Amino acid sequence: MKIYELLTIPDLNGMQIIAGESGKENEVASVNMMDAPDIIQFLNKNEFLITTAYHLKDQPHLLTELVKAMSKQGCAGLGIKTKRFLNKIPDETITLANELSLPIIELPFDLSLGQIVNITFHTILDKRAAELKLVLETHKQFTNIIMQGKGVQSLLQVLSHMIKRPVQLIDQFFKPISQPIMNIDFPALLEGILIPSVRSFPITFSFISTKKICTLFPVNINEKKNGFLMIIGEIEKTDQLTLLTIEQAANVISFALMKENALKQHERSIRNDFYLHFLDGTFASQEEIIGRASEFSLHQNQMYICAVGKIDGNLLHPTYTQRHEKEDDVFDLIERELSAYPQKIHFFKKGDSCILLFEVQEHNLPPAFYAESCLSQIQEKVSNYLSNTISFGVSTLCQNFLHTKDGYTEAADALAQGKLSKKTEYIQTYHTKDIMELLRQIPLEDLKNFYSFTLNGFNTTKIEEAQSLLETLSVYLETHCQISETAKRLFVHRNTVVYRIEKCEEILGKSLKDSETTLQIRIALRIKSLLEKE
C-alpha cells in the first residue's frame with residue numbers, strides 16, 4: 001500500500017498531507033505508534049509512524065530531528081495529531097519534509113491512535129490477501145496452460161496480454177528460446193552486458209541503439225543454467241501486481257523448461273549411446289544398425305559429412321568435474337546453435353570431443369561447402385560466449401550412414417593432423433590416401449553401373465563358375481599376370497589357370513594384355529569388394 005492510498009480509506013476520512021507530498025508514492029508495509037522519544041531505533045523501512053507528539057510539545061524542534069532520522073531509516077511517512085498537543089508544525093520541519101520527500105500527514109482528531117493502527121493494518125492485510133489471491137489464480141492459470149500442453153509460447157502470450165508489454169524468453173547466451181518477438185537481434189543488443197548475480201534481479205537497462213528499456217527476470221533452465229524472461233519496457237519496483245504476475249510466470253516456465261530439459265537429456269543420451277555403439281562395432285548386423293538409425297532420422301541412403309571437434313589446449317580446472325562442466329557448456333552451446341541451421345545436422349558426444357553429421361544433398365559439391373561455413377560460425381560463438389577455442393576435423397563425403405563410421409575415423413585423423421601442426425581454432429579437411437577411400441567418394445549408383453558395365457558378361461554365367469573365374473582373374477592381375485604364381489596361390493594346376501584366363505577373355509570379349517582393360521577390371525574388382533560391405 002502507498003501513502004496516497006491511506007488517504008482514500010473511508011474509515012480514516014479527514015487525513016491529509018501537510019508536507020512532503022512528493023513522497024506520496026512511498027510504500028507502506030507496516031504501521032507503528034510513537035509512545036516514547038527513543039522510537040527511532042525501533043522503526044523499520046517502509047513503516048508509517050503515528051503520534052500525538054506529546055513528547056515533542058515542549059521541544060517542537062525535535063520534530064525536525066525525527067523527520068531527518070525517519071528519512072534515513074527509509075520510513076514511509078509520519079502521521080501527527082496536530083490538534084492534540086502540537087498546534088503547529090514548525091516551518092523548518094515542513095521544509096525538511098518537502099526536501100526529503102517524507103510525507104507528514106494530519107491525523108483525524110476523533111480517532112484514537114489505536115483505531116488508526118488497527119484500520120491501517122486491516123487495510124494492508126486485506127490488500128495483501130487480495131494480492132495473494134491474484135497470485136494464486138495467476139499461478140493456476142499459467143500452470144493449466146502448461147498442463148494442457150499448450151507450451152511455453154502460449155504462456156508468454158498470456159503474460160504479455162496481462163502486463164501489456166512484449167515478452168521474450170532468452171537463454172544464458174541471449175538467444176531466444178521461444179518464438180522471437182518483433183525484429184530484435186538479442187545477442188547483438190546484449191553483447192558486452194555483464195549480467196549480475198541472481199540476487200540483483202529484476203534489473204532494468206536500455207539499449208543505446210534502439211532506446212528500448214528492458215527488464216530481466218531469472219528463469220531456471222536446469223540446476224546449473226539460468227535463462228531470462230525479458231520484458232520490453234520498464235517495470236516500476238512499486239508495481240507489485242505486475243512484478244508478482246511476472247514472477248509467477250517465471251516460476252511456472254522454470255518448471256516447464258526443467259522438465260523439457262530432462263526429457264531432452266534422456267533422448268540425447270539414448271541417441272548418443274546408439275551412435276557410440278555403432279562406432280564401437282557393438283551391433284550384430286547391418287540390418288540392425290540401419291533399423292535403429294532410422295529411429296533417430298539417420299537414413300541409410302542419405303549422404304553425410306562427418307566433423308569431429310575438440311576444445312583446444314588443456315582445460316586446466318581445479319577438479320575433474322569442473323573440466324567436464326566446461327566441456328558440457330561448450331557442447332551445449334554448439335548443439336543449440338546447430339538447431340537454428342536450416343541444414344539438418346546431427347550432434348553426438350564422444351569423450352572430450354563432439355561429432356557432427358551434416359546431411360548432404362548434392363554430392364558434386366566439396367565438403368567445405370557444407371561444413372566449413374557452419375563450423376566457422378560455431379568457433380566464433382564459442383570464442384565470444386565462453387572464451388574458448390575449438391578445432392574441427394572434417395571427413396570426405398560418406399555415401400550412406402554406414403560409411404559415417406569411416407567418416408568419423410577420417411575426421412578424427414584430420415583433427416589429429418591439425419594438432420600436430422600446433423594450430424588452434426582450425427578446420428582441417430581429410431585428404432584421401434588410397435584408391436578405396438577415393439572410390440567411397442563416388443555415389444553407389446555410379447559404382448554399381450561401372451561394375452556392371454565392366455564385368456557384365458559374368459552376370460550371365462553360372463554363379464559358382466563366375467565366382468571361380470573372378471577369383472582367378474583377381475589373383476592373376478595381383479600377380480602381374482604370372483601364370484605360375486597365380487596357380488601357386490590358388491592351389492591349382494597352371495593349365496587350369498590358363499583355361500580360366502582364356503574363359504575370362506572370352507566372356508569379356510577383350511584381351512587381358514591390354515592395359516586399359518586390366519585397369520578397368522582392377523577398379524571393378526575393388527568396387528566389388530566395396531559393394532559387398534554395404
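Two strands are taken as paired if DSSP finds at least two bridges between them. In this predicted model, an open sheet of 5 strands follows the order β11-β12-β10-β13-β14, and its pairing is mixed. The edge positions are held by β11 (345–350) and β14 (427–429); each has a single partner strand, so one side of each is left without a neighbour in the sheet. From one strand to the next, the twist averages 20 degrees.

At the β14 edge, the pairing with strand β13 (residues 390–398) is parallel and runs over 3 bridges. One residue pair can be named here: F392 has I427 of β14 as its bridge partner. Helix α9 (residues 320–338) packs on this sheet, where α9 touches β10 (303–311), β11, β12 (353–360) and β13. The direction of α9 makes about 170 degrees with that of β11.

A further set of pairings involves strand β9 (residues 226–232). This strand is mostly covered, with 6 of its 7 residues buried. Strand β6 (residues 167–170) pairs with β9 in the antiparallel sense over 4 bridges, and the bridge partner of Q168 in β9 is M230. Strand β8 (residues 213–220) is also antiparallel to β9, and these two strands pair over 7 bridges. Within that pairing, F217 has L229 of β9 as its bridge partner.

Both β6 and β9 recur in the surroundings of helix α5 (residues 151–163): the elements covering the buried residues of α5 include α4 (113–147), β6, β9 and α7. The buried residues in question are V152, L155, L156, L159 and I163. Seen down the axis of α5, these buried residues fall within an arc of 100 degrees, so they line one face of the helix. The length of α5 was also compared with expectation. Its 13 residues should span 18 Å at 1.5 Å a residue, and the end C-alpha atoms are 19 Å apart, which agrees. After α5 comes K164, which has a positive phi near 60 degrees.

Helix α7 (residues 240–280), one of the elements that cover α5, has 41 residues. From its first C-alpha to its last, α7 reaches 58 Å, close to the 60 Å expected at 1.5 Å a residue. Just after α7, G281 takes a positive phi of about 75 degrees.

Helix α14 (residues 463–478) has 16 residues, and the distance from its first C-alpha to its last is 22 Å, close to the 22 Å expected at 1.5 Å a residue. The buried residues of α14 are A466, L469, L470, T472, L473, V475, Y476 and L477. Just after α14, H480 takes a positive phi of about 60 degrees.

T404 was examined as a single site. This residue lies in helix α11 (residues 404–420). Its relative accessible area is 0%, and T404 is therefore buried, the cut-off being under 20%. A polar atom of the T404 side chain lies 2.6 Å from the backbone oxygen of F401. When neighbours within four places in sequence are left aside, T404 is in contact with Y275, F278, Y304, L357 and C398. Of these contacts, Y275 and F278 fall within the residue range of α7, whereas Y304, L357 and C398 fall within the ranges of β10, β12 and β13, respectively.

Technical notes: Residues numbered from 1 in each chain as written. Predicted model: local features only at pLDDT ≥ 70, side-chain atom pairs only at ≥ 80, totals over all residues. Heavy atoms only, no water. Axes fitted to C-alpha atoms, helices over the stretch in contact; angles between N-to-C directions. Contact = heavy atoms within 4.5 Å. Buried < 20%, exposed > 50% of the residue type's maximum accessible area, 1.4 Å probe, protein only. Expected span 1.5 Å × (residues − 1). Polar contact = N/O pair within 3.5 Å; in protein donor to acceptor, adjacent residues only side chain to side chain. Arc of directions from axis to C-beta.
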